[in-house]
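Here is a short briefing for a reader meeting this structure for the first time. It moves from the overall fold to the spaces inside.

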Amino acid sequence: MKQWIPVLAALLVALAASASDKTDALRKLRDKWSTQRFYTAETRSGAELAELLDDNGSFANLRELENEFKKNNYGRKKFDQWELQQKVLNRLLVPAFEQLKRISSDLADGKIPEAGRAEVKRRLYKGVLNYAKMEFSRDGMQNGRFHGSCFAMPHAAVAIYFQNYKDMTSGEYPDVAKALQRLAFQAWSQPLRNNATDRDPVRIERFRGNAGWVGGNATAYRPLLESALVNNSVKMVDVTAEVARRSISRVSQNTYDTAFWIEGFTADGAGWGHGRQCLVWGYPIHGTNGSLNIIAKLKGTPWAAALDARALDALFNFFRGSSFYFYKGTIPPVLERGNARPGYGDKRVIPSLTLADNLNRNFRDRLSAEQRAELDRFRREAKAKNLFMLNFPMGQYHGTRYFFNNDDLIRKNPAYYVFVNMVSNRTNGLESYYGGAGGFNLFTCDGQTIFEREGGESSRALGAAILTMLPGTTERQVKELKPVENWLGYGSRGEFAAGAVLPDQDAAAGFIFDKVNDSVVENPARREENPEILKLRANKAYFFFGDLFLALGAGIENLAPEYDGNIFTTVEQPLRKGNNPVVRKHGVEWVENNGFVYGVLPQATSGKIAHKSEKRTTGWRKLSEANKGVEENEVELFSMWIDHGREVKDGSYAYFVSCDGKVPERLPEILSNTVKVQAARLGDTVEAVFYDASAKLETPFGAVTVSAPCALAVKFREGKVELAVADGRMNRELKSITVTVGGRAYTVELPSGELLGRQGTVAE
């Protein structure tokens, strides 16, 4: 034992030194924050607001609700009701602390006259104690503790504490300092998670596994580091630094239970938020920016952390992937609930530029020469709102790409943009919130297919669109739709979604559409506002042969024919551009709009084919309460659709879109269009979606079979084969897929881990 004594002594000395270093660093950080300026949204002056503050710390403009609160003691558990506590939060407590923060700010900036400063400060501190007491009385409540309690009030507390730092550390105002520390700590304590971390919030686990505690809701909107400084806690800084460092990572369906965050960057290069929604622009960017900012603020301290290779890889993977969700300065209206507003199609910089600027500003020294060059090029093109990065390989910033974590097939090039927004039981639909943004994202992920040439066309058409006729969707034509608040959106029960892309960018993708409300799946007791839009199924597949796009539908079935309304598959519904000339060729009636040529193949389609142009008055105000003051106008839309009738069962369709604006000289041969396999061939390329591994596909190159359900694209050229295959079910046990063509077997090894679902390739 004696031989271990020197080792233990050295370890204790090292730990003591480390603790001492952190304590000293914490003191320096607190001193630094005491000189910071803090933003407040309150525009009235501190002097004006101080006039509203009485001797008891009560604001005259908030007194009516304050008196109601105190008379009824709304902090009691019996009043733990959503509507009431939201009113208390948003109409009383948050405004009170914003007003107190403005008074404190103007005191700190010398904007309050010297003669009245002492009295204003006295009232300020009275106000802090008064409104803090009301807020603390609500502890233990489940309702009305989000946003305001964990974001706004902690930010106000941090500002007031550091703007009055000498007072707060002098010991002269212990009750005020304690109240501000407790308010700041609500960034860690609220809302309740109803697990062990409620008893001990200063743990890494507090910031994992729950939508309210990851992404932007964790490191961006909560003042985690600042709260740690206010509370003078080394342990809180320890946890903050660790959360920030580990959060810059990726998640996938296969790592959902083990990844650090369940939202944020996805392994396919896009992002998740509010469950497994493809919310590329909000939570992943906000949360990562928040984490980068924390890491940058801790430079030169014992908590300093380098961005490791994995974090940098996640960032650059997101720069590349996110660029596919952005076209010529515009964002397609399928990625956030605020999509249904005029001006959404206006040009802007790509939101991920904020991440690139952050990386360049704070971490450029961590980048290799190649990464710096890529970052610089990205920032230049992003600022020009014309992001294609044509000097990079196809599939990185341009070309064709399948997003296996988000069920999206996207082609992006300077000439045109195509986005197929699919969904499976592994992903969620797009959320709706009628009270503050779009309330009708009911069909957005049902295979909506966007065709754009200049960018923003789909967004501009949305105000006059018939929502049951979004391009690419197969829907029941119901007479009236009710707006919803649905945080998980509408998706599919279908287990299958996959896509495969060849080096020349030819591609195949497909999914099983079996419409479902994802919020009802999570909570079966939830009321369904629009039951008529459900109970539909179809197998929907998509193929690129050069610039020619082919969409196939099979097994279309109305599972509830008792509801009124025929089932339509809509080919297109954009603003009319041009004269829509019609050309008959290959037995197809081709119609041109906006440089795209559309044609439905009659012999492969069950139903009536129709198209028309008509003037419509926009209905922006109906789409969202946020559009109340919008001026409506008249626009002209072009529509093409297939009416499958009301009793459709085993229905089908096949339509083409020529993206180069020319009627094609040759059409792909449809090899199969069934619920087992959908496939087509053009020249030496065969593309197929196998939903059933027992299916056999006859081709001019021999019979094709597969060992597991998959999407595949294969090119035969000069005795050589290029093959891309993707597992359609993300089967963790599946290590490879064997594709047999004309008796010859090709075994394709499949990616695993976080890349499960991405295609594998063979070239022989």
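Ala, Val, Leu, Ile, Met, Phe, Trp, Tyr, Cys and Pro count here as nonpolar, Asp, Glu, Lys and Arg as charged, and the others, Gly among them, as polar. By that scheme, the lining of the second largest cavity has 7 nonpolar residues, 4 polar ones and no charged residues. The model is predicted. It holds 18 helices and 31 strands.

**Overall build**

- The radius of gyration is 29 Å, which agrees with the value near 27 Å for a compact globule of 764 residues.
- The C-alpha trace spans about 90 × 75 × 45 Å along the principal axes of the protein.
- Of the 764 residues, 60% are buried.
- Take the contacts with a separation of 6 or more: residues 24 or more positions apart account for 69% of them.
- The accessible surface is about 30,100 Å². Carbon and sulfur atoms hold 50% of that surface.

**The largest pocket**

- The volume of the largest pocket is about 1,200 Å³.
- Its lining counts 32 residues, and the closest to the centre are Phe146, Ala211, His274, Tyr283 and Trp487.
- Two elements give two or more residues to this lining: helix H4 (82-108) and helix H17 (518-522).
- By class, the lining of the largest pocket has 13 nonpolar, 11 polar and 8 charged residues.

**The second largest pocket**

- The second largest pocket contains about 610 Å³ of space.
- It is lined by 25 residues, and Gly395, Arg401, Tyr402, Arg758 and Gln759 lie nearest its centre.
- Helix H13 (309-322), strand S3 (399-403) and strand S11 (497-501) are the elements that give two or more residues to the lining of the second largest pocket.
- H13 provides the largest share, with 4 residues.
- The lining of the second largest pocket divides into 10 nonpolar, 9 polar and 6 charged residues.

**Enclosed cavities**

- The structure has 5 cavities of 30 Å³ or more.
- The largest cavity has a volume of about 140 Å³. It is lined by 15 residues, of which Gln448, Ser458, Ala461, Pro471 and Gln573 are the closest to its centre.
- Strand S7 (448-452) supplies at least two residues of the lining of the largest cavity, and so does helix H16 (457-462).
- The lining of the largest cavity has 9 nonpolar, 4 polar and 2 charged residues.
- The second largest cavity offers about 110 Å³ of space.
- Among the residues that line the second largest cavity are Pro333, Phe440, Leu462, Leu467, Leu470 and Leu623. Asn339, Asn441, Thr444 and Gln448 also line the second largest cavity.
- Gln448 is thus named in both places: it is one of the residues closest to the centre of the largest cavity, and it lines the second largest cavity.

**One residue at the surface**

- Arg380 lies in helix H15, which covers residues 369-383.
- Is Arg380 buried or exposed? Arg380 counts as exposed because its relative accessibility is 54%, and exposed means over 50%.
- Leu353 sits 27 residues from Arg380 in sequence. In space the two are 9.7 Å apart, C-alpha to C-alpha.

Technical notes. Residues numbered from 1 in each chain as written. Predicted model: local features only at pLDDT ≥ 70, side-chain atom pairs only at ≥ 80, totals over all residues. Heavy atoms only, no water. 1 Å grid on protein atoms, 1.4 Å probe; cavity = no way out; pocket = protein on both sides within 12 Å on 5 of 7 lines; lining within 4 Å. Points joined across faces, edges and corners; volume = space filled by probe spheres on them. Rg over C-alpha atoms; globule rule 2.2 N^0.38 Å. Buried < 20%, exposed > 50% of the residue type's maximum accessible area, 1.4 Å probe, protein only. Contact = heavy atoms within 4.5 Å. Areas by Shrake-Rupley, 256 points an atom, 1.4 Å probe, with all protein chains shown as cover.
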